[in-house]
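Trainee: Hey, got a minute to walk me through this one?
Mentor: Sure, let's pull it up and start with the fold.

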Amino acid sequence: MSNPSDLKYTQTHEWIRVEGNKGTVGITDFAQHELGDIVFVEAPAPGTPLSAGSPMGSVESVKAVSEVNAPLSGTVAEVNPELADHPELLNQDPYGKGWILKMTLSDPGALGGLMDAAAYEKYVAEVSH
Amino acid sequence: MRYFPCSDEDVRALLAAAGVKGVGDLFASIPSEVRLKEPLAVPPAVPEPELRERFVSRSIRNSSATCRPCFLGAGAYDHYAPAAVDQLLLRSEFYTAYTPYQPELAQGTLQAIFEFQTMMADLTGMDVSNASLYDGGSATAEAALMAHRIHKGRRVLVARSLHPAYREVLRTYLRHIGLTVEEIPFGPDGRLDLGALKGLLDAEVCAVLAGQPNFFGVVEDVRAVASVLPQERRPLLGVVVSEALSLALLEPPGRQGADIVCGEARSFGLPLGYGGPYLGFMTTRTQHMRQLPGRICGQTVDADGRRGFVLTLTTREQHIRREKATSNICTNEGLCMLAATIYLSLVGRKGLRELAIQNLSKAEYLKAKLGEKGVRPLFSAPTFNEFAVGLRAEGPKASEAAYAAGLLGGYDLSRDYPELAGGHLLCATERVSKAACDRMADVLGGLS
Amino acid sequence: MSRAIEEKLIFEKDHPGRTGASLPVCDVPAADPVSLLGPLARSEAPALLPELSEVDVVRHFTRLSTYNYAVDMGLYPLGSCTMKYNPKVNEEVARLEGFARLHPMQPESLTQGALELMATLQRHLCAVSGMDACTLQPSAGAQGEFTGIQLIRASLEDKGDARRIMLIPDSAHGTNPASAHFAGYEVEEIKSGPDGCVDLEALKARMRPDVAGIMLTVPNTLGIFEKNIAEICRLLHANGSLVYVDGANLNALMGITRPGDWGADVMHINLHKTFSTPHGGGGPGAGPVVCKARLEPFLPRPVLVQREGRYVWDHDRPKSIGKVQAFFGNFLVLVRALAYIETLGGEGLKRASELAVLNANYLRARLLPLLKLGFEGPTLHEVVFCDRDLPNGVTTLDLAKRLIDYGFHPPTVYFPLIVHGALMIEPTETEPMEELDRFVEAVRAILEEARERPGLVKSAPHTAYRRRLDEVAAARNPRLTYKPELTRG
C-alpha cells in the first residue's frame, strides 16, 4: 500500500489529514504491518488536550503494544466508534476506515514540521535497515 | 549420580562431538581471574535413605497442627484438603510442566486456569480474574498499583484493620513510585471508621483498601464503605480477602460496590506450609480487565474450529511491555491455583457453604464458651471464623498456657496493635473439635 | 495412537445431587448465618461451583493432565528456564506433616526444624554464589529482582546518595526493566556489542553520578559469559554504583565461578531453575536474594538469626526495605531446594553445571550444520540460533510448532530480542544423549520439510491435542470465564 499524498506523517508512524483547523489521525500502513493483527485500540476521550509528539493512546496486537503520539497539538473532537468492535480496521484500511480520532488543531501552522508522503517513504526505507 | 543420565562413556562421546578435549575446556570463556580455585563449601552428597531421615528429623522438630488443635488464623487458616487434591497434583504432567506459552501442548494447564478464573470471578461477584498472584500481601500491593494506573491519583488509603503484613508489603511496593499510603482507623466495633474515611478522601485518592473479613475476623459492611466514596474522581474500592472460605458465606464484594477483589485463596486446598507457597488472586470488572496484573487465560478456537485456551492480553506483561508492564510478575503460583480448582470442584457449591457454616458455628461456640468464663470479644461487629478477645494476661503467656494444655494458641494482637494490649486473636475452623474449644475456653478463662 | 478424550469444562459437567468431598460431622450447634450476619450474608450459593463426585473430579483433571507436555515425558529445551528433572524424593519430603501443617505464626520454639532448614539453605546459597547474606522471602525470580534492586536503592539512600538510573542490557529478560521500574528507577538500555557482550566502551561513557547500578544476567541470555565482568564491577563501583546479577543462568556456573567473586553486590537465584524445584505449570517458584555484607542491614524482615543456640526471627530491623511476602517465603519450595543441594553435595552441584554446559555444547555442535547462530563466540549452558536462511518463508514460530509433532516442547522463541527470530535452546544436565540426538534429527527433518513441503510446517502442529490456536481472536474478544448461556465455541 502506498502512503496517500494528501497526508502528513510523523517519525513515530502516525498520519494526519488536515482540513482547515480540523485533523484526522491514524497510524500508517508500515506501523500496522509491524504490529501484526491489531486486537485493541486505546484512544483518549473527546475533550482531552493533545500535545504534539506526546502519547495520546496505544495500539495493541498479540505480540506488541505501541504508543500512538499526537502529530500536532489540539483537542480531541471525536473517536472512531468502529474500532472498539473492529480493531482489525486498522490493519485492513489504515488510512481510511481505520482512522483513530478527529481533533481540533490549536496550531495548524505546525503542519510544516511533518513529513510529506515522499519524505516518509524515504524515512521508512532507512528505518527498516 | 541418578539425576545425570550420563555414563563416563557418554561423556567421552559428548566431548568428542562437541570438539572439546576435557570438561574444563568448556569453560575457557571464563577468565581465570574469576575461576574458583577451591571446591564449593557445600557438604558432600547424602544418599537418599539418609536424606529422607534428615528431613523427617527436621520435620519432627516442629510441633505442628498435626499434634495439636490449631487456633491460629492471622492470615493462614487450617482447613482439611481432600486426599484427591494432592494425588492429582502429583501427576507429573501437571507439576513438571512449564508455563503454558505453547498452548497446543498445555491445554490441561490452560483449561484448569480458565476454570479457576471462572470460579474466582463467580465467588467474588466479579467479571474477570487472573491466573494467580504470589500471595495476599503482594495482591494487596498489586491492587493499589492497578487502582493508581486507572485513577492516576497518588494517595492510597488502607484500613488499619487490614492484615499488618499485607500493609507492610503494600508500603514496600509503593515506596519508590511516588504513592503515599495512609491508614484509616477502625472504630470500637472493629469495623472501618466511616467518618474517618470521609475525612481522608479527596480527588487524589486512587484506592481505598479494606479487608473482608478484616484482621480481627470482623465482617465489614462493604456496601457502607462504597457509599461513602464520592462519585467525582471516585477512588477504586479494593476488598482484600485473606480467608477465602468466607466468600461462601458473605455477600460477594463485587455485588457490594468493590472495584477490585483480591487476597489469599490458600484456604482452598493448600497446606499451611509454614507460610508458603500460597495463592494470591485478583478479580475485577470487565472495564478494568486490561489493567489486571499477572497471567490471564482466554477461550479461543484452533485451526480445526475446536474450543481451546490460550494465555491472552499478554501485551500487559513484562515479557512484552518490559518497563511499562502492569507488573513484573512472571512465574506465579500455577500448581497452587490448580490445587484450589480441584478443591473447589470436589467440595462444590453445597459443600463449600456447609463448610463455611461449620466454621462460623465453631467460632460462635468458642465465643459462647469463653463468654461463660468471663472472656469477652474485643469488638461488637459480627465475625466469621476468627475473632479477637480481651485478656488480662501478657501476650505470650496466653500462647504458652495453651501449649501446655496441648493446644496451638491464638495470636497476640499487641505485637502489631500496641493500642490493643491484651488482645488475642482466635480462629476456629472445622478442624478443631468441640472438646478442643472447651479446653481453650478453660485455658484462657483461667488466665489472670 | 488413540485420540485423547475431549474433556468439557467442569461447569458443563455439573450434576446437582452428587458430592465429592467428605466433611467432618459438626459437633457444635449449627450457627445461623442470617441471624448473625443479616444482609451481609450471601443470598445465593456460588452458582458456578459444580456438584460432582470424587470420581468425576478425578477423571476430569486426570484427562486434563494428558493434554500437557512435561519434563517427565521428554526434552524441554526452553532457554533460560533450566527445565531440569524434578527429583521425586524432594516431593516426598516437602509433604511431611511436620512441614505441611506448620502455621507461620507459631512461636519459634515450636518450629526449630523449619528454621534450621531455612538457615542451612541460606548458608548453601551463599556458598554457591560467593555472597554473605541471604533472604528466602521472595516468591519468584521477578520478586527477587524487585527485592535486590530495592536493596541497592536503600543502601544508596542510606548514604544520602540517591540516584535515578538503572542500566540494563538490550538482551535482558523483560522482568529486569519491569522490576527496576517498580523499584522507582528510570531504565536505560546498554547496547550489546557484536560479540553479544556488554559494550565496554559504551558502558565507560555512561559512568556518571546518576547511575545507581547495572542489572546483568551472567552468562547472558545468549549463553555467553560476560568476559569483562570483573572490569564491569570495578567500573561500576568506582562510579559509586552497584552491580545486580540476575541469577537465572546460574546452572552454567556452580562450582566454576561465583558472582560474589566477580564483585557483584546482590543477586537473585531461581530455585525452580537451578535448584530443581518443579515449574508446576507456572509456579510456585522461589527467588531468594543473596548479597554482600554491606547490603545486609536492608534485607526484608524478619531476618533469621541465632541466639543462644536457637533460631529466632528478628523483626527489629530499622533499615529493612520491609516485606515482599506476608510470611517468610515459599517454604515448601525451599524444602525441595535444600533436599536437592544435600542430595548432590558440593561436587554434585559442580558436576551438574559441567554436564549442563557439555550437553548444550554438544547440541550446538550438532545443530551448527542445520541452523545459523545468533552470535558467534563460545556459549555455556544455552545457545541461540536465528531464523536467517529458513527456507520458503518458514518462520521460527513454524519450526517451533512443528517440533511439537515430533514429540518435543519447542525451545524459547523470539527471545532475546537482539537475535532475529531467536531460538534459545537449553537442554540442562538431566538429558541423556539419545534424547538430544532425537531432537537434532527432528530439526533436520523439519528443515527438510521446510524445503520440500513448507505448507506442512507452516500449519503445524497436526498431532497435538489442539492445532494452532487463534491468539488474535482471544485478544480481540476476550472470553475469560465460562458463561452458561454462551455454549461451546
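**Chain A, then the contact of B and C**

Mentor: This is a predicted model. In it, chain A has three helices and nine strands.

Trainee: Nice. What pattern does chain A follow along the sequence?

Mentor: Reading along the sequence, you get β-β-β-α-β-β-β-β-β-α-β-α.

Trainee: And what radius of gyration does chain A have against that of a compact globule?

Mentor: Chain A has 13 Å, which agrees with the value near 14 Å for a compact globule of 129 residues. The C-alpha trace spans about 35 × 35 × 20 Å along its principal axes.

Trainee: How much of chain A counts as buried?

Mentor: 47% of its 129 residues. Also, among contacts in chain A with a separation of 6 or more, 62% are between residues 24 or more positions apart.

Trainee: Switching topic: how many residues do chain B and chain C bring to their contact?

Mentor: Chain B gives 189 residues and chain C gives 207. The area buried between them is about 17,100 Å², with 63% of that from carbon and sulfur atoms.

Trainee: What about salt bridges across the interface of chain B and chain C?

Mentor: The rule finds 18 of them. One example joins the side chains of B:Arg54 and C:Glu342, at 3.3 Å from N to O.

Trainee: Which part of chain B gives the largest share of the side that touches chain C?

Mentor: Helix 11 of chain B, residues 334–372, with 25 residues. By class, that side of chain B has 97 nonpolar, 48 polar and 44 charged residues.

Methods: Residues are numbered from 1 along each chain as its sequence is written. Chains are lettered from A and ligands numbered from 1 in the order in which they are written. This is a predicted model: local features need pLDDT of at least 70, side-chain atom pairs count only at pLDDT 80 or more; totals for chains, interfaces and linings use all residues. Side-chain values use heavy atoms; hydrogens and water are left out. Contact means heavy atoms within 4.5 Å. Buried area is the accessible area (1.4 Å probe) that two parts lose on being put together, summed over both. A salt bridge is a side-chain nitrogen of Lys or Arg within 4 Å of a carboxyl oxygen of Asp or Glu. Helices (H or I, at least four residues) and strands (E, at least two) are DSSP runs, numbered from the N terminus. Ala, Val, Leu, Ile, Met, Phe, Trp, Tyr, Cys and Pro count as nonpolar, Asp, Glu, Lys and Arg as charged, and the others, Gly among them, as polar. The radius of gyration is taken over C-alpha atoms; the globule rule is 2.2 Å times the number of residues to the power 0.38. Buried means under 20% relative accessible area, exposed over 50%, partly exposed in between (1.4 Å probe, protein chains only).
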